[in-house]
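This report covers the fold, the model confidence, the cysteines and the main pocket of one protein chain.

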Amino acid sequence: MVKPSMFFLAAAALAATSAPFLGRGAPQPPAEVKWPARYEGRALAPMAPAPEDARLARDFPGRIARFSDGRRQIVLRSVATATRQLHPAGDCFRALGYAIEPLPMMSSGSGALASCFRASRNGASVKVCERIVDARGGSFSDASAWYWPALLGRSRGPWLAATTIESVPPDIFTGVKH
C-alpha cells in the first residue's frame, strides 16, 4: 500500500517536472508591433506578403512582416511568449521543397551570432540566416537556442526573430567546407 504522503510527493514531483510541457492556454499575439526602420544598419522597406506567409502566420502567436533592405528579404516575427511555433527557418524551407546545407554562423556588427544555411531548389540558391533578439538585447542564433531560455524565464520577451534571405550566384559556395 502506498502511503498518502508518498503519493503527494510523487504527484508534486511529476507536476514540477512536467509544468514546462503543459499548455498555458492559447498565447495571445502582441496587439501591435512597431517594426524597426533599419536592420543591420540598412533601411527597411515593407514588402507584400509572399504566398507562403499565410501558412506561416496561421495560428502563429505573434506578428509577421516581410521587408527588403535593397539587397535581401527580411522576414521579421514578433512573439510575446515562448512557443514551438517559432521554429527554425530551415524547417520552413524544407517544407517548401528546398535542399538545405548548413553554412558557418555569421556575426553581426554587434557580435551577435546568426545561424545560416544554403537553400537550393530548381537550380537556384539563397543564403538564409536567422537570429532572435530578446527585450534586453540578448541574442540567440536560432529558435532551438532560444526556446528553453524563453520558456524558463531566462530570456524576456517580446522577442524579434529575423530571417534574412539573400539571392546568391551559384559559385559563391564553391570551397565552403561542411
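From the N terminus on, the order of elements in this predicted model is α-β-β-β-α-β-β-α-β-β-β-β-α-β. The chain thus holds four helices and ten strands. Of its 178 residues, 35% are buried. Among contacts with a separation of 6 or more, 57% join residues 24 or more positions apart.

**Confidence**

The mean pLDDT of the chain is 81, and 77% of the residues score at least 70. Confidence is lowest in helix H1 (residues 4–18), with a mean of 38, and highest in strand E3 (residues 45–46), at 96. Over residues 4–27 the pLDDT stays under 50, and for this stretch the model has eight contacts beyond four places in sequence.

**Disulfide and cysteines**

One disulfide is found in a search of the whole structure. Cys116 and Cys129 form this link, with their sulfur atoms 2.1 Å apart. The pair connects distant parts of the chain: Cys116 lies in strand E7 (residues 113–121) and Cys129 in strand E8 (residues 124–133), 13 residues apart. The angle about the S-S bond is 110°, and the link of Cys116 and Cys129 is right-handed.

The table gives the accessibility of three cysteines.

| Residue | Relative accessible area | Class |
|---|---|---|
| Cys116 | 6% | buried |
| Cys129 | 10% | buried |
| Cys92 | 23% | partly exposed |

Both ends of the disulfide fall under the 20% cut-off for burial: Cys116 counts as buried because its relative accessibility is 6%, and Cys129 because its relative accessible area is 10%. Cys92, at 23%, is partly exposed.

**Largest pocket**

The largest pocket contains about 630 Å³ of space. Its lining has 29 residues, of which Glu52, Arg66, Cys92, Phe93 and Leu96 are the closest to the pocket centre. Elements that give two or more residues to this lining are helix H2 (53–57), strand E5 (73–79), helix H3 (89–95), E8 and strand E10 (159–168). H3 gives the most, with five residues.

Which kinds of residue make up the lining of the largest pocket? The lining divides into 14 nonpolar, six polar and nine charged residues.

Two of the residues described above recur here. Cys92, partly exposed at 23%, is one of the residues closest to the centre of the largest pocket. Strand E8, which holds Cys129 of the disulfide, is among the elements that give two or more residues to the lining of that pocket.

How values were computed: Residues numbered from 1 in each chain as written. Predicted model: local features only at pLDDT ≥ 70, side-chain atom pairs only at ≥ 80, totals over all residues. Heavy atoms only, no water. Disulfide = S-S within 2.5 Å. Buried < 20%, exposed > 50% of the residue type's maximum accessible area, 1.4 Å probe, protein only. 1 Å grid on protein atoms, 1.4 Å probe; cavity = no way out; pocket = protein on both sides within 12 Å on 5 of 7 lines; lining within 4 Å. Points joined across faces, edges and corners; volume = space filled by probe spheres on them. Nonpolar A, V, L, I, M, F, W, Y, C, P; charged D, E, K, R; others polar. pLDDT = per-residue confidence, 0-100. Contact = heavy atoms within 4.5 Å.
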